[in-house]
Amino acid sequence: MTTVLLLAGTSEATRLADALVREHDVDVLSSLAGVTTNPVRRLGRLRTGGFGGTDGLIAHLRQDRPDVIVDATHPFAAVMPHHVADASAATGIPSCRLLRPAWEPVVNDRWISVGDLPAAAAALEVLGSRRPLLTVGRQSTWAFTGSHAHVAIRAIDAPDEMPDDHHLILDRGPFGFDDELALLRDLRIDAVVTKNSGGNATEAKLTAARQLGLPVVMVERPAQPAVTVVSDVDHAVAWVAERSYQRGV
Ligand code: NAP
């Protein structure tokens, strides 16, 4: 039986674990950082918490000896993909990165692309936004605590750091176009801030912003290590199957 260490934290990771266990009889150990209080259920085994840096991950791999590693962490996970790449090289255990394609602007989009969160906060100031919507995740609201605007924040769990004048919406995608349009209208949002996470589950806010002519402050992705990349769950399943075949598992 093929064994996989699956670095999780995305909807793709959940679907990949389910597909590998249910349809391909693979032994999957999903690993979560432990930042979400109520993670989505998935098939296979589950562990939670950091490994203790690259050395800790290498030690885990040498003890657990998975056949392959799939890094399905979020496109904005800036550290773990580098640890996986280094640990894979150190142990010789093949790894791939499951990374959904980034969103691309289309006609009538009013995107302001920025390199990081402080630049996004600065862009809101330049825009003179009074009622922005933040959809950057609970760990990334720290950059906006100095805002004097009325800030709507949508996140799965409540962030620790928020601006004084905020409106918190606790919700988990996927989100549909009609609901996103209603949200932007009802809250009288004048700008949307998002990370360029890509994928369908949270894309409707971009379509709704386009419809309303709203600016979108788009935080672009951190640098990725130079590794094998697959763009969706099906390709990740195929990559695991191919490695299993090569190893004669
Ligand atoms: P990160 O900066 O790449 O990782 C920070 C540390 O968290 C890592 O050094 C590692 O600790 C631990 N870690 C991260 N992912 C892990 C995993 N799957 N299993 C075990 N430990 C993990 O990542 P992050 O931005 O803090 O995100 C943490 C988790 O939330 C990730 O799994 C990511 O997929 C998910 N997530 C992140 C975002 C985002 O915008 N950043 C959005 C949605 C979901 P050690 O060094 O101790 O091993």
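These are my notebook entries on the sheets, helices and a few single residues of this structure.

**Entry 1: what kind of model**
I start with a reminder to myself that this is a predicted model.

**Entry 2: the sheet that holds strand 1**
In what order do the six strands of this open sheet stand? I read the order as 3-2-1-4-5-12, and the pairing is parallel. Next I looked for the edges, and found strand 3 (45–48) and strand 12 (229–230) there. Each of these two has a single partner strand, so one side of each is left without a neighbour in the sheet.

I then picked one pair to follow by eye. Strand 1 (residues 3–7) and strand 2 run in the parallel sense and are joined over five bridges. Which residue of strand 2 is the bridge partner of L6? I found S30 there.

Now for what packs on this sheet. Helix 1 touches strand 1, strand 2, strand 4 (68–71) and strand 5 (95–98). I noted that the direction of helix 1 makes about 165 degrees with that of strand 1. Helix 7 lies across strand 1, strand 4, strand 5 and strand 12. Against strand 4, helix 7 runs at about 165 degrees.

**Entry 3: helix 1 with helix 7**
Having met both helices at the sheet, I looked up how they pack on each other. Helix 1 covers residues 11–24 and helix 7 covers residues 233–247. Their axes are 10 Å apart, and the packing angle is about 45 degrees. An angle like that is neither under 35 degrees nor in the 65 to 115 range, and helix 1 and helix 7 are therefore oblique to each other. Their crossing is right-handed.

Which residues meet here? From helix 1 I listed E12, R15, L16, A19, L20 and H24, and from helix 7 V233, A236, V237 and V240.

**Entry 4: just after helix 1**
I paused at D25, which lies in the loop between helix 1 and strand 2 (27–32). D25 is not a glycine, yet its phi is positive, at about 55 degrees.

**Entry 5: helix 2 with helix 3**
Helix 2 (residues 53–64) and helix 3 (residues 80–91) were next, with axes that come within 9 Å and cross at roughly 50 degrees. Helix 2 and helix 3 are therefore oblique to each other. Is their crossing left-handed or right-handed? I noted it as right-handed.

For the contact, I wrote down G53, T54, L57, I58, L61 and R62 on the helix 2 side. The helix 3 side brings M80, H83, V84, D86, A87, A90 and T91.

**Entry 6: the sheet that holds strand 6**
I found another open sheet of six strands, with the order 6-11-10-7-8-9 and parallel pairing. Which strands stand at the edges? They are strand 6 (110–114) and strand 9 (166–170), and each has a single partner strand, so one side of each is left without a neighbour in the sheet. Neighbouring strands of this sheet are turned by 20 degrees against each other on average, with direction ignored.

I followed one pair here too. Strand 8 (residues 151–155) pairs with strand 9 in the parallel sense, over five bridges. In this part I saw I153 standing opposite L168 of strand 9.

**Entry 7: past strand 9**
The loop between strand 9 and helix 5 holds P174. Is the peptide bond from G173 to P174 cis or trans? I noted cis, with omega near 10 degrees.

**Entry 8: helix 5 with helix 6**
The axes of helix 5 (residues 177–186) and helix 6 (residues 204–212) come within 8 Å and cross at roughly 55 degrees. Helix 5 and helix 6 are therefore oblique to each other. Helix 5 passes helix 6 in a right-handed crossing. In the contact, helix 5 uses F177, E180, L181, L184 and R185. Helix 6 answers with A204, K205, T207, A208, A209, Q211 and L212.

**Entry 9: rings and charges**
Last, I went through the aromatic rings. How many aromatic pairs does the structure hold? I wrote down zero. Charges over rings gave me something to look at, though. The charged end of R154 sits over the ring of F175, 3.6 Å from its centre. R47 also has its charged end over a ring, that of F51, at 3.8 Å from the centre.

Methods:
Residues are numbered from 1 along each chain as its sequence is written. This is a predicted model: local features need pLDDT of at least 70, side-chain atom pairs count only at pLDDT 80 or more; totals for chains, interfaces and linings use all residues. Side-chain values use heavy atoms; hydrogens and water are left out. Rings of Phe, Tyr and Trp (its six-membered ring) pair if their centres lie within 6.5 Å; planes under 30 degrees apart count as stacked, over 60 as edge-to-face and the rest as tilted. A charge sits over a ring if NZ of Lys or CZ of Arg is within 6 Å of the ring centre and within 35 degrees of the ring normal. Two strands pair if DSSP finds at least two bridges between them. Helices (H or I, at least four residues) and strands (E, at least two) are DSSP runs, numbered from the N terminus. Axes are lines fitted to C-alpha atoms, for helices over the stretch in contact, and angles run from 0 to 180 degrees between N-to-C directions. Angles under 35 degrees count as roughly parallel, over 145 as roughly antiparallel, 65 to 115 as roughly perpendicular and the rest as oblique. A crossing is left-handed if the near helix is turned anticlockwise from the far one by less than a right angle, and right-handed if clockwise. Contact means heavy atoms within 4.5 Å.
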